[in-house]
Structures are given as C-alpha cells and as structure tokens.
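Hi,

Here is the structure I promised to pass on. Have a look at it first, and my notes come right after.

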Amino acid sequence: MTCIRAIARMAEGRDVLASMGRASALASFPAAKRTAVRELLARHRRDRTLLFTATADDAYAIGEDELVPVITAEVGRAEREAILTAFRERRVRAICSARVLNEGVDVPEATVAIVVAGALGAREHVQRIGRILRPNGDKRAIAYELITMGTVDEARHRARRRRIASGRSSHGDIP
C-alpha cells in the first residue's frame, strides 16, 4: 500500500489530500496566468502556438477566454483532426490541450509553446516542449513556462528541472 493510500484511509488524511488538490488547482491557473496567456498570444499572434494546461477545465477556460480550439480526451478523433488540419493550414492560430497533445501528435508547424501548468512531471514537460522542436525547414521555436511562485507550482517546476538536468524523468530515462 502506498503512503497516499494510507493517508486517504483516515478522515484527516482525506482532508489534507483535498486541501493539496485545491492548492494545486489554484496555483495551476490563477488570474496572473490568464493575463500572461493573453499577453503571450497577442505577442505571438502571427505564430502557431500550442498551449498546455494541467487540467481539461483550464484548457476549456483558455479556449473560451482566447477563442482558440481545445483538444481534450472528450474531443472525438474527427474533430481533433479537423482542428489539427485548421492549425496546419493557418485557419487557427493556437490550440489548447491538457494532455492529448503531449505525445504521439506531430505538429511541426507549431513554433510557440506556452506551458501554463503540468501535472505529470519531467517526461510530460519534455514531451510538450518536443511538440515545437520538430524539424520544419529553418524554423525557430520558443517555449514559455508559466510558474506561480511560492506555491506547489514552483515546487513542481524545481523538481522537474532537477529531474531533467539529471537526465531522468519520473517514468525512467527521458527520451
């Protein structure tokens, strides 16, 4: 039995875990990150941008706020392909996703990544940045990682950086 499971068996433990979840959610997409997303999308309005969030709810909030399509696990294959085709053809400037675009989706046209928040560690981060590093002529790419300082968000960022610097992710070697 894991430590988390043992904690979750006690009422006080469940309260602590629930509090941690609320703190994480608050840190992953506060008002300052909403503002930063808006400013970065304006700065890169001519670039094709991928936005990555920790949760589908945050992805949908950005989609609604910034009028960009969202790809989540709830989006069917046909709609997902239509969004990716529109992105490739420059009919949409950005796509927002919680996890679906992390792996297995090739979008070499993307030149900007905005990592709003992550939940899965170093491997997830490397995969996300890898979306914009795909070769496509002589393109230049830029990545932004938005961090809420003084919160669990900052702690995750520091841990992720240490794992990446050591050459290991939370799921084994970083590819």
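Below is what I found, starting with a pair of helices and then moving to the strands. Keep in mind that this is a predicted model.

Helices first. Two packed helices are described by the angle between their axes and the distance between the axes. For helix α3 (residues 31-43) and helix α4 (residues 56-66), the axes come within 11 Å and cross at roughly 50 degrees. That angle falls outside the ranges for roughly parallel (under 35 degrees) and roughly perpendicular (65 to 115), so α3 and α4 are oblique to each other. The crossing of α3 past α4 is right-handed. If you want to find the contact on screen, pick out R34, V37, R38 and L41 on α3, and A61, I62, D65 and E66 on α4. By type, the residues of this contact split into four nonpolar and four charged, with no polar ones.

Now the strands. Strand β3 (residues 94-97) pairs with β1 (residues 49-52) through four bridges, and the two run parallel. To get your bearings there, look for L50, whose bridge partner in β3 is I95. Strand β2 (residues 70-71) is also joined to β3, by two bridges, and again the strands run parallel. Here I71 has S97 of β3 as its bridge partner.

What about the faces of β3, covered or not? Both are covered. A94 and C96 lie on one side, I95 and S97 on the other, and all of them are buried. In a regular strand the side chains alternate between the two faces of the sheet.

Cheers

Technical notes:
Residues numbered from 1 in each chain as written. Predicted model: local features only at pLDDT ≥ 70, side-chain atom pairs only at ≥ 80, totals over all residues. Heavy atoms only, no water. Axes fitted to C-alpha atoms, helices over the stretch in contact; angles between N-to-C directions. Parallel < 35°, antiparallel > 145°, perpendicular 65-115°, else oblique. Left-handed = near helix turned anticlockwise from the far one by under 90°. Contact = heavy atoms within 4.5 Å. Nonpolar A, V, L, I, M, F, W, Y, C, P; charged D, E, K, R; others polar. Buried < 20%, exposed > 50% of the residue type's maximum accessible area, 1.4 Å probe, protein only. Pairing = 2+ DSSP bridges.
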